[in-house]
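This report describes selected side-chain contacts and strand pairings. The coordinates and sequence under discussion are shown below.

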Amino acid sequence: MIDWDDIRYFLAVARGGSVRGAAEGLGVYHSTVLRRIAQLEERLGAQMFEKLPSGYRLTAAGEEVLEFANQMEASSHQLETRVFGRDQSVRGLLRVTLAPTLATHLLMPDFADFARLHPDIEMEILSSGELANLTNREADVAIRVVYDRKTLPLNLHGLKGPELFGSVYMSRDRLAAWRAGASDPIRWIVISIHGIPDWASEGEVRTTGVPFRITDGEAQIVAVRQGLGITTLPCFIGDADPLLVRVPGTDLHMYGTLWLLTQGETRKTKRVRLFTEFVSRRLAAYAPLLAGLSVTRD
């Protein structure tokens, strides 16, 4: 019989095109990947890969095996989710994926409350800009901002939350200095991969300096607090920060809707149901903050 572990190694090399990349992704040694591939080739009596200067390329036999290997992987994931879905205990691992800013600036106190209510649930918070694959069980619950509901995969179960809005912000001190006639340049502070969004009108405050570019959301927040200029932020960050104020004359912009997403049988487990119901209630309470309606503007 073919060892499923051998197939996992085969898929990693086939998808990445290199043994080194497969080893890093699987968290094993380079030699382990080579041994597993050799073991699979010996059992099947055929060579799976052709080694080229550019990497590993599937042979004709490897292409045939790839089709069945993908089917085996899908069946394995389906089996795991079905068994996981029958688990009704309130103990065990619960993995939650969401954007870093949602975790650090909004929901971490709620995660802490949930952990105190259910001390036997081992929580793992995957706060990353990368989208975890729920179908492959990379996470049990995803909290995502979705602009168009039609883009959600059909195999995911969604619990709709509040709408999320953003606006344009600057530091209160920098706005006061501008109103007093300060001549220092006011820059756009942008995350370099995104640039200045089309919807972000400059309002009454005109930028005069070259953009100030950073690579992550936390640096963006610190930069605007330091009075470097103006930037776009979700309202739950900008309105909650006493050092920041919306730029006069700018409008709100809808980023999308928050959704709690689960997959297949996973959503039937008790710990997942408890968590999604708990967070859904907390998000509903945050609706005015998320929509930019929690503060009064002059």
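The structure is a predicted model. Residue F114 is a suitable starting point. F114 is buried, at a relative accessible area of 1%.

**Aromatic contacts**

A total of 5 aromatic pairs is found in the structure. One of them joins F114 to F275: the ring centres are 5.2 Å apart and the planes meet at 85°, so the arrangement is edge-to-face, the angle being over 60 degrees. This contact links distant parts of the chain, with F114 in helix α5 (residues 100–117) and F275 in helix α9 (residues 270–285), 161 residues apart. F275 is itself buried, with a relative accessible area of 0%.

F114 also pairs with F278, the ring centres being 5.5 Å apart. Here the planes lie at 55°, so the pair is classed as tilted. Because F114 belongs to helix α5 and F278 to helix α9, this pair ties together parts that are 164 residues apart in sequence. Both F114 and F278 are buried. Ring pairs join these residues into a cluster whose members are F111, F114, F275 and F278.

**Strand β5 and its partners**

Strand β5 spans residues 141–146 and is mostly covered, 5 of its 6 residues being buried. Strand β3 (residues 92–98) runs parallel to β5, and 3 bridges join the two. Within this pairing, L98 has I143 of β5 as its bridge partner. Strand β11 (residues 253–263) runs antiparallel to β5, and 5 bridges join these strands. I143 takes part here as well, standing opposite L260 in β11. I143 therefore has a partner in both pairings: L98 and, in β11, L260.

**Salt bridges**

The count of salt bridges comes to 10. Three of them are listed here, with the N to O distance for each.

| Basic residue | Acidic residue | N to O distance |
|---|---|---|
| R43 | D6 | 3.5 Å |
| R91 | D120 | 3.5 Å |
| R116 | D113 | 2.8 Å |

The salt bridge between R43 and D6 links distant parts of the chain, R43 lying in helix α3 (residues 30–44) and D6 in helix α1 (residues 4–16), 37 residues apart. The accessibilities of the two partners are as follows: R43 is partly exposed, with a relative accessible area of 45%, whereas D6 is buried, with a value of 0%.

R91 and D120 meet in a salt bridge between two loops. R91 is in the loop between α4 (60–85) and β3, while D120 is in the loop between α5 and β4 (121–127), and the residues are 29 apart. D120 counts as partly exposed, at 43% relative accessibility.

The salt bridge of R116 with D113 lies within helix α5, where the residues are 3 apart and therefore separated by about one helical turn. R116 is exposed, with a relative accessible area of 62%, and D113 is partly exposed, at 25%. Which residues make up the network of salt bridges that includes D113 and R116? The linked residues are D110, D113, R116 and R282.

**Helix α5 in summary**

Helix α5 contributes to both kinds of side-chain contact. Its residue F114 is buried and pairs with F275 and F278 of helix α9. Its residues R116 and D113 form a salt bridge, and R116 is exposed.

Notes:
Residues numbered from 1 in each chain as written. Predicted model: local features only at pLDDT ≥ 70, side-chain atom pairs only at ≥ 80, totals over all residues. Heavy atoms only, no water. Phe/Tyr/Trp six-rings, centres within 6.5 Å; stacked < 30°, edge-to-face > 60°. Helix = DSSP H or I, 4+ residues; strand = E, 2+ residues; numbered from the N terminus. Buried < 20%, exposed > 50% of the residue type's maximum accessible area, 1.4 Å probe, protein only. Salt bridge = Lys/Arg side-chain N within 4 Å of Asp/Glu carboxyl O.
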